[in-house]
Amino acid sequence: MAIKSLSRYKKNNIFNGDFLKVFEDMSSHCFVPEFIAVLAGIKPVFRTYAIHVDRYPIFQKICKKYSIFVEFSDFRISSNDWISIVKKSQFVFAYFSKYKKLAKEAKDVEYNIFVKNEKSYKTLLRFSQLMGYPKCCFDFFLSGWKKIISDKTSCVRPDQFEYISHQNTKEVFSFYLNNLIKGNNYYLISHLPHSYNCKPSIEYAKKVLTAIKKVNPEIAEKITTILKYPVMKFLNRGQYLRFIKGKVKNDNEIVYEVSEGDDKLNKKFIKGNKILAERTKIKIFKNKKLVDVYNKKNKLDGVIFDFK
Ligand SMILES: [Zn+2]
């Protein structure tokens with residue numbers, strides 16, 4: 001489908017309507033950018049997190065409405081960790097594509113990976129290609145993942161690779177690749193970029209943003225604005241802060257209007273409009289007056305991602 005014809009989805013209101021209802025109780029984000037990427041033919045297949053089987057009819061209805069195809073995994077996912085395979089459970093993965101063949105292929109390839117334990121480079125790469133991820137980022141993720149598996153004492157999680165991507169970023173941190181906080185559909189890529197200046201990822205994200213603009217120009221504008229604000233990452237899973245209207249100075253200082261993100265952390269940061277990140281603590285100021293201090297629990301707390 002040409003991106004141009006996406007404008008016809010405007011009236012269906014992908015951003016608010018029944019399109020999102022099916023994802024309402026899902027953990028972190030709403031998938032709109034991924035769906036638009038599928039509709040525009042930018043992303044070959046989109047695979048959801050584990051979804052309840054009672055969603056089948058709604059998904060099928062949505063697919064009919066938007067002329068896309070869905071397949072469901074033959075295996076079931078544990079509701080304890082949302083990733084391991086179990087015999088009995090009500091949760092499955094769903095695979096969406098503009099092309100029936102590709103949705104089916106993604107389902108089959110993942111079956112081979114999960115159930116048949118077929119984890120050759122070729123098979124894993126194929127799955128990643130079906131998801132539309134660049135090869136450089138796939139190789140980056142795979143080598144990191146292998147290290148985790150080989151080191152039994154490792155307690156590294158995939159989201160911590162973001163620190164390595166941060167180190168790999170030698171040039172500008174491109175806002176196109178800012179997917180640290182995916183809530184409210186404020187993201188363009190769903191994979192982990194090997195660096196925040198990965199060229200193929202930026203190219204992909206630009207296409208997604210153009211497609212979103214066709215569906216809803218206001219939201220595209222909002223995404224562009226928000227993704228340019230700096231984000232701070234903490235070691236605990238899912239702990240991020242975004243600094244609205246924030247500007248980074250001297251690598252360790254952010255001047256901002258409002259902060260948002262992890263509720264517990266934000267109780268401190270929302271009090272201020274400037275922070276100074278030091279080795280063991282982060283000082284929070286309001287109009288030059290020190291109002292709070294965050295004592296780092298780990299040296300990886302408070303790493304700044306200065307997107308532009
Ligand atoms: Zn890459």
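Two strands count as paired if DSSP finds at least two bridges between them. Keep that cut-off handy for the exercises below, and remember that this is a predicted model.

**Exercise 1. Work out how strand E9 is tied to E12, and then place both in their sheet.**

Step 1: count the bridges. Strand E9, residues 240–244, is joined to E12 by four bridges. The cut-off is at least two, so E9 and E12 pass as a pair.

Step 2: check the direction. E9 and E12 run antiparallel. For a spot to click on, take Ile244, which sits opposite Val258 in E12.

Step 3: zoom out to the sheet. It is an open one with four strands, ordered E12-E9-E8-E16, and its pairing is antiparallel.

Step 4: find the edges. E12 (258–261) and E16 (303–305) each have a single partner strand, so one side of each is left without a neighbour in the sheet.

Step 5: look at the twist. Ignoring direction, neighbouring strands of this sheet are turned by 25° against each other on average.

**Exercise 2. Lay out the open sheet of five strands and say which strands are at its edges.**

Step 1: write the order. It reads E10-E11-E13-E14-E15, with antiparallel pairing.

Step 2: pick out the ends. E10 (247–249) and E15 are the edge strands, as each pairs on one side only. From one strand to the next, the twist averages 20°.

Step 3: take the E10 end. Three bridges link E10 to E11 (residues 253–255), and the two run antiparallel. Val248 faces Ile254 of E11 here.

Step 4: take the E15 end. E14 (residues 281–286) and E15 (residues 289–295) are antiparallel and share six bridges. Phe285 is found opposite Leu290 in E15.

Step 5: look at the turn. E14 and E15 make a hairpin with two residues between them, and Asn287 in that turn has a positive phi of about 45°.

**Exercise 3. Describe how helix H8 meets helix H9: are they parallel, perpendicular or oblique?**

Step 1: get the geometry. The axes of H8 (residues 199–215) and H9 (residues 217–227) come within 5 Å and cross at roughly 140°.

Step 2: classify the angle. Roughly antiparallel would need an angle over 145 degrees, and roughly perpendicular runs from 65 to 115. That makes H8 oblique to H9.

Step 3: list who touches. H8 brings Leu209, Ile212 and Lys213, while H9 brings Pro217, Ile219, Ala220, Ile223 and Thr224.

Step 4: sort them by class. The H8 contact with H9 has six nonpolar residues, one polar and one charged.

**Exercise 4. Do the same for helices H4 and H5, then visit Glu118 in the loop between them.**

Step 1: get the geometry. The axes of H4 (residues 100–114) and H5 (residues 121–130) come within 10 Å, crossing at roughly 145°. H4 passes H5 in a left-handed crossing.

Step 2: list who touches. From H4 you get Leu102, Glu105, Ala106, Val109, Glu110, Asn112 and Ile113, and from H5 Thr123, Leu124, Arg126, Phe127 and Leu130. By class, the contact of H4 with H5 has seven nonpolar, two polar and three charged residues.

Step 3: go to the loop. Glu118 lies between H4 and H5. Setting aside neighbours within four places in sequence, Glu118 is in contact with Asn112, Ile113 and Thr123. Asn112 and Ile113 are part of H4's share of the helix contact, and Thr123 is part of H5's.

Step 4: judge the burial. Glu118 has 13 other C-beta atoms within 10 Å, so it is partly exposed.

**Exercise 5. Ser67 and Asn250 have a positive phi: where do they sit, and are they buried or exposed?**

Step 1: recall the background. Most residues other than glycine have a negative phi.

Step 2: take Ser67. Its phi is near 55°, and Ser67 is in the loop between H3 (56–66) and E3 (69–72). Ser67 counts as exposed because it has 9 C-beta neighbours inside 10 Å.

Step 3: take Asn250. Phi is near 50° for Asn250, which is located in the loop between E10 and E11. With 7 C-beta neighbours inside 10 Å, Asn250 counts as exposed too.

**Exercise 6. Sum up the chain: how many helices and strands are there?**

Step 1: count elements. There are 10 helices and 16 strands.

Step 2: check burial. Of the 308 residues in the chain, 36% are buried.

Terms used
Residues numbered from 1 in each chain as written. Predicted model: local features only at pLDDT ≥ 70, side-chain atom pairs only at ≥ 80, totals over all residues. Axes fitted to C-alpha atoms, helices over the stretch in contact; angles between N-to-C directions. Parallel < 35°, antiparallel > 145°, perpendicular 65-115°, else oblique. Contact = placed C-beta atoms within 7 Å. Nonpolar A, V, L, I, M, F, W, Y, C, P; charged D, E, K, R; others polar. Buried ≥ 20, exposed ≤ 12 C-beta atoms within 10 Å, placed from the backbone. Left-handed = near helix turned anticlockwise from the far one by under 90°.
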